[in-house]
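Colleague: Can you walk me through this one? I'd like to start with the helix packing and then move on to other things.

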Amino acid sequence: MSDNAAPAPIAPDASALCVSCGLCCNGVLFTNARAEPHEVPAVEAAGLAVSQVGERLQFALPCRHLDDGSCGIYEQRFTKCRTFRCALLKRLDSGEVRLDEAQATVTRAKQMVARVAALDPAAAQAATRAKQRAAGADGAPGADPAARRRLWTESLALDMFLDRMFRNRSMVRFPGRAAPDEGDR
């Protein structure tokens, strides 16, 4: 798709699912989103800081324009935002899952996020969970060991669920396996 091409119309089921979800924009699934070079002025004008990592331009998530599952700049949203389709949305589009099943998956993910956030509010964000996983169940200072292990376990379960149901590429790293991408959408 060229940068000037109109995005494909969104099916009503897809729209209903996206508005009930928002996980791709709120920092739960990803740490950042790609910014196209020609969009940098618009991204920055929208109040999002653009950083360059290697050849890649990106802005951090959560996006400040997400409001209760809706995009506050929907008509002016960026290429990645217009074109991204999570794994669950792709399964809905293909007919592999029905809308009610997809919405139940979103509800389950949000419940898992709430359990993690109850243990550590910062761990609702993908970046924090990745750092905690890297430190290991006993690696972080502070809370008692049992609480750290519970947070680590709940966070790992959440990210494995997100990998399986929402992400198009795995973010969870295990020793001896190939490293996943940087966690972008």
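**Helices, a pocket and a proline**

Modeller: In this predicted model, helix α6 (residues 126-135) packs on helix α7 (residues 145-165) at an angle of about 120°, and their axes are 10 Å apart.

Colleague: What does that make α6 and α7 to each other, oblique or perpendicular?

Modeller: Oblique: the range for roughly perpendicular is 65 to 115 degrees, and the angle here is about 120°, so α6 and α7 count as oblique to each other.

Colleague: Is the crossing of α6 past α7 left-handed or right-handed?

Modeller: α6 passes α7 in a left-handed crossing.

Colleague: Which residues meet there?

Modeller: From α6, Arg129, Gln132 and Arg133. They meet Leu151, Trp152, Ser155, Leu156, Leu158, Asp159 and Leu162 of α7. By class, that contact has five nonpolar, two polar and three charged residues.

Colleague: And α5 against α7, what are the angle and the distance between axes?

Modeller: Helix α5 (residues 99-119) packs on α7 at about 155°, with the axes 9 Å apart. Angles over 145 degrees count as roughly antiparallel, so α5 is roughly antiparallel to α7. Its crossing past α7 is left-handed.

Colleague: Which residues of α5 and α7 make the contact?

Modeller: On the α5 side, Thr105, Arg108, Ala109, Met112, Val113, Arg115, Val116 and Leu119. On the α7 side, the residues include Arg150, Leu151, Glu154, Ser155, Leu158, Phe161 and Leu162. The contact of α5 with α7 divides into eleven nonpolar, two polar and five charged residues.

Colleague: Changing topic. How much space lies in the largest pocket?

Modeller: About 580 Å³. The lining of the largest pocket has 30 residues, and those nearest its centre are Cys18, Cys24, Cys25, Tyr74 and Cys81.

Colleague: Which elements give two or more residues to that lining?

Modeller: α1 (12-21), β5 (70-71), α3 (79-83) and α4 (87-94). α1 gives the most, with five residues.

Colleague: How do the lining residues divide by class?

Modeller: Into 21 nonpolar, five polar and four charged.

Colleague: Last thing, the backbone. Is the peptide bond from Leu61 to Pro62 cis or trans?

Modeller: Cis, with omega near 15°.

Colleague: And where does Pro62 lie?

Modeller: Pro62 is in the loop between β3 (56-60) and β4 (66-67).

Definitions and conventions
Residues numbered from 1 in each chain as written. Predicted model: local features only at pLDDT ≥ 70, side-chain atom pairs only at ≥ 80, totals over all residues. Heavy atoms only, no water. Axes fitted to C-alpha atoms, helices over the stretch in contact; angles between N-to-C directions. Helix = DSSP H or I, 4+ residues; strand = E, 2+ residues; numbered from the N terminus. Parallel < 35°, antiparallel > 145°, perpendicular 65-115°, else oblique. Left-handed = near helix turned anticlockwise from the far one by under 90°. Contact = heavy atoms within 4.5 Å. Nonpolar A, V, L, I, M, F, W, Y, C, P; charged D, E, K, R; others polar. 1 Å grid on protein atoms, 1.4 Å probe; cavity = no way out; pocket = protein on both sides within 12 Å on 5 of 7 lines; lining within 4 Å. Points joined across faces, edges and corners; volume = space filled by probe spheres on them.
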